[in-house]
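Biologist: I have a few questions about this chain. Please keep the answers short.

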Amino acid sequence: MTNWETIIGLEIHAQLLTESKMFCSCSTKFGAKPNTNICPVCTGQPGVLPVTNKKAIALAIKTAIILNCKIEKTSIFARKNYFYPDLPKDFQISQYELPLAVNGFIDIEVEGVKKRIGITRVHLEEDAGKLVHKGSARIMGAGESLVDYNRTGTPLMEIVTEPDIRSSLEAKVFMETLQHLLQFIGVCDAKMEEGSLRCDANISIRPEGANKFGTKTEVKNMNSFRAVAKALEAEEKRHKEVLQEGGKIIQETRFFDDIAETTIGMRSKESAHDYRYFPEPDLVPIEPEHAWIEEIKKTIVELPTKKAERFEKDFELSKADAEFLTSTPAIADFFENCAKHYSKPKIAANWIMGDLAAYLNANNLTIDKIDFSPLKLAEMLGLIDKGTISGKIAKIVLAEILKTGKNVQDIIKDLGLTQISDESEINNIIDEIINNNPKQVAEFKSGKDPVIMFLVGQVMKASKGRVKPDMAQELLRRALS
Ligand SMILES: [Zn+2]
């Protein structure tokens, strides 16, 4: 039995968060009526001239910086020629020989082990339109196919990795890490399921220790992180089976069938010369000035890994807590602001990761989209410390704030939720509990001490959690002695 080594390289397409398209002023808004966000430029009418979107270049440069790439002094656009119904011009404006940036890397962590994945290049291009196949996921087997050019010309950034990835799990972790980075710096919303982040993979295997790469295949249609892992696992297994039986891998493009979890051959893989690349004559080269790159650098926020390390140290949090709190810039800002106004960061973190996160998940919301400020949370936590409300009551208060957007103090007053600290008021409740539970009272008096907790529970229930449990116990014992 041969031991095989798997070699994977990824090509990622990320839609850039610009208002308008790459070479015209049409809107990039998702979900518009088909073929409404189009113009003569993006539909390739004769005689039109493209103009490059400066914001798109800035976002790609920003990405190149965080991917540790070298930004080229001059890069040019090229025409990639091919014929397909989603491409009205019959060529895609892309970058070929001289890309925007080269030679970068990302560090990923797979099962506790750090690994560096090289980035070959980052370049700009435009997206194609969208084909909708009726009755099938692909053109084969569809009754009819419709085309929507709204997406045509949307700014895309292509990120190509070195063949440094060695397993389907590494590929998945790489994609997750990249998604997190792109979202964090605000260049792409990076939703694989919605297609704003897409990934194709080149995969081959070779006997362990061999220098020469095996024949690779390209896998397409991986629309989630899970699909990336499943598709590459399936393709790796197929390569092994073919080679083990003395067969040959054919260089081709394969489609991942998400339901059957297998790959299907689509077409033999194109080589670069099939695309007849040539420099785009209608566009000037991109020559970003040093000062502009420096300006872009200044807009980059503290990156998640660094932020998480700082949170661990400054706020004495666990690694898992720090990672959760740096999952988006909005959560990180919320936590940090709250910690400015409240002196126990771990407690604040627990509330954000617990009740608040559960509410956001249940309502499909993000922390920056709700009427709740870090200051309100800090205020509420302060009231728990002061003994005005109990932790249990605070849960009710928080739910009410999130529902109504009202002030902490108003909610506590309106719902009558302040803690009862008046002893005579508590003793009234205790008398009632003693009267209603003669059996338990008798048991306690005969020496079964743990029964006290049942009675405390009854006091808590009757007071709707407004009595401090230790105070309830103390007064109960006194009443029963
Ligand atoms: Zn247009």
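Biologist: Which residues does the UniProt annotation "domain: Asn/Gln amidotransferase" cover?
Modeller: The model is predicted, whereas this label comes from an unreviewed UniProt entry. The span it marks is 72% helix and 0% strand, with its end C-alpha atoms 51 Å apart. The annotation covers residues 333–480.

Biologist: Is Pro469 buried, partly exposed or exposed?
Modeller: Pro469 belongs to helix 15, residues 469–480. Leaving out residues up to four places away in sequence, it touches Val456 and Met460. Buried means under 20% relative accessible area and exposed means over 50%. Because Pro469 has a relative accessible area of 44%, it counts as partly exposed.

Biologist: How far apart in space are Pro469 and Ala64, C-alpha to C-alpha?
Modeller: In sequence, 405 residues separate Pro469 and Ala64. In space, their C-alpha atoms are separated by 57 Å.

Biologist: Is Ser224 buried or exposed?
Modeller: Ser224 sits in the loop between strand 11 (217–222) and helix 3 (225–244). Not counting residues up to four places away in sequence, Ser224 touches Met192 and Glu193. A polar atom of its side chain lies 3.0 Å from the backbone nitrogen of Ala227. Its relative accessibility is 13%, so Ser224 is buried.

Biologist: Which residues form a nonpolar patch on the surface with Met140?
Modeller: Met140 is placed in the loop between strand 7 (130–134) and strand 8 (144–148). With a relative accessible area of 57%, Met140 is exposed. The patch has about 300 Å² of accessible area in total, and Met140's partners in it are Tyr84 and Ile139.

Notes:
Residues are numbered from 1 along each chain as its sequence is written. This is a predicted model: local features need pLDDT of at least 70, side-chain atom pairs count only at pLDDT 80 or more; totals for chains, interfaces and linings use all residues. Side-chain values use heavy atoms; hydrogens and water are left out. Patches are made of residues with over 30% relative accessible area and no salt bridge: like charges are joined within 9 Å, nonpolar side chains (Val, Leu, Ile, Met, Phe, Trp, Tyr) within 5 Å. Accessible areas come from the Shrake-Rupley method with a 1.4 Å probe; for residues, only the protein chains shown count as cover. A salt bridge is a side-chain nitrogen of Lys or Arg within 4 Å of a carboxyl oxygen of Asp or Glu. Helices (H or I, at least four residues) and strands (E, at least two) are DSSP runs, numbered from the N terminus. Buried means under 20% relative accessible area, exposed over 50%, partly exposed in between (1.4 Å probe, protein chains only). A polar contact is a pair of N or O atoms within 3.5 Å; within protein, one must be able to donate a hydrogen and the other to accept it, and residues adjacent in sequence count only if both atoms are side-chain atoms. Contact means heavy atoms within 4.5 Å. UniProt positions are given in the numbering used here, feature names are shortened, and annotations may be inferred rather than shown by experiment.
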